Amino acid sequence: FALSMGNLWACQRNCTESLSDLIAPELRPSQYQQQVAQLARESIEASESLESTLRRAIDFCYGGGSDWAPHVRVTVYADNPVEHQSNVPVLSTLLCAWGCPLAEDPNPRCCAVGGTDVQHGYVVASPFWERTVSITSQPHHSHRVPYRNLVHRLLYRFLALPEGDVRKQLLVNIMLQLHE
């Protein structure tokens, strides 16, 4: 344990070192863990709905405006050709898989693929997106943030980048990965 009471007392007395400087580097959260926690904290105060953010992301990737997003359909190629899906509605499929189905299309139809999450011929909510990350936003106040809120915030961050920022193009790859 790298932080002794003597070190803590000296730090409080001198205030020249931060508390994190006294903790061994291998005990500190990784950069990845810090980013996940930051996404979770940001998602608690999200000002835009998941559906609105996803509509804007679909518009960025496929065009047509956010009102056109429910009509955007794609072909999804799987590693196994038997699992390819054609005419997949992007918006309703992702929202349903994330546990937030559209009222107009709560369980999008698809080709049934045995042993997968579409084995019955329609999309269902995936338990993966219900998993949570625990964070503390204020002293003694913790939150359990679902993974879908993390991806929501990630999409929001990319959409918030300035138009000329080349990193914004990564949103296309993210969207492709999400609906594969």
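Of the 180 residues of this protein, 34% count as buried, and I should say at the outset that what we are looking at is a predicted model. Let me begin with the overall layout before turning to a few places in the chain.

The secondary structure comes to 6 helices and 4 strands, and if you read along the sequence, you meet them in the pattern α-α-α-β-β-α-β-β-α-α. As for how the chain meets itself, among the contacts with a separation of 6 or more, 46% are accounted for by residues 24 or more positions apart.

Now to the strands, and to S1 in particular, which covers residues 73-76. Its side chains alternate, with Val74 and Val76 pointing to one face, where they are buried, while Arg73 and Thr75 point to the other face and are not buried. Strand S1 is joined by 3 bridges to strand S2, residues 85-89, and the two run antiparallel. Within this pairing, Val76 stands opposite Gln85 of S2.

Val76 brings us to the largest pocket, since this residue is listed, together with Asp117, Val118, His179 and Glu180, as lying nearest the pocket's centre, out of 27 residues that line it. The elements that give two or more residues to this lining are S2 and helix H4, which spans 90-97. The space in the largest pocket is about 580 Å³, and its lining residues divide into 17 nonpolar, 5 polar and 5 charged.

While we are at helix H4, let me point out Thr93, which lies in that helix. Is Thr93 buried or exposed? Its relative accessible area is 13%, and because buried means under 20%, Thr93 counts as buried. Leaving aside residues up to four places away in sequence, Thr93 touches Val88, Pro108 and Val123.

Let me move on to the second largest pocket, which has a volume of about 250 Å³. Helix H2, residues 31-44, and helix H5, residues 147-159, are the elements that give two or more residues to its lining. The lining includes Tyr32, Gln35, Val36 and Leu39, and also Tyr147, Leu150, Val151 and Leu154. Phe128, Trp129 and Val133 are among the lining residues too. By type, the residues of this lining divide into 10 nonpolar, 1 polar and no charged.

Some of these names come back when we look at the aromatic rings, for which the count comes to 3 aromatic pairs. In one of them, the rings of Phe128 and Trp129 have their centres 5.0 Å apart and their planes at 90 degrees, so the pair is edge-to-face. The two partners can also be described by their accessibility: Phe128 is partly exposed, with a relative accessible area of 39%, whereas Trp129, at 15% relative accessibility, counts as buried. Taken together, ring pairs link Trp98, Phe128, Trp129 and Tyr147 into a cluster.

My last stop is Arg153, which is found in helix H5. Which residues does Arg153 touch, not counting those up to four places away in sequence? They are Leu39, Glu42 and Ser43. Arg153 has a relative accessibility of 17%, and because the limit for buried is under 20%, this charged residue counts as buried.

To close, I would ask you to keep two places in view as you turn the model: the largest pocket, with Val76 among the residues nearest its centre, and the second largest pocket, with Phe128 and Trp129 among the residues that line it.

Conventions
Residues are numbered from 1 along each chain as its sequence is written. This is a predicted model: local features need pLDDT of at least 70, side-chain atom pairs count only at pLDDT 80 or more; totals for chains, interfaces and linings use all residues. Side-chain values use heavy atoms; hydrogens and water are left out. Buried means under 20% relative accessible area, exposed over 50%, partly exposed in between (1.4 Å probe, protein chains only). Two strands pair if DSSP finds at least two bridges between them. Rings of Phe, Tyr and Trp (its six-membered ring) pair if their centres lie within 6.5 Å; planes under 30 degrees apart count as stacked, over 60 as edge-to-face and the rest as tilted. On a 1 Å grid over the protein atoms alone, a cavity is a set of points where a 1.4 Å probe fits but cannot get out, and a pocket is an open set with protein on both sides within 12 Å along at least five of seven lines; lining residues have an atom within 4 Å of a point. Grid points are joined across faces, edges and corners, and a volume is the space filled by probe spheres set on the points. Contact means heavy atoms within 4.5 Å.
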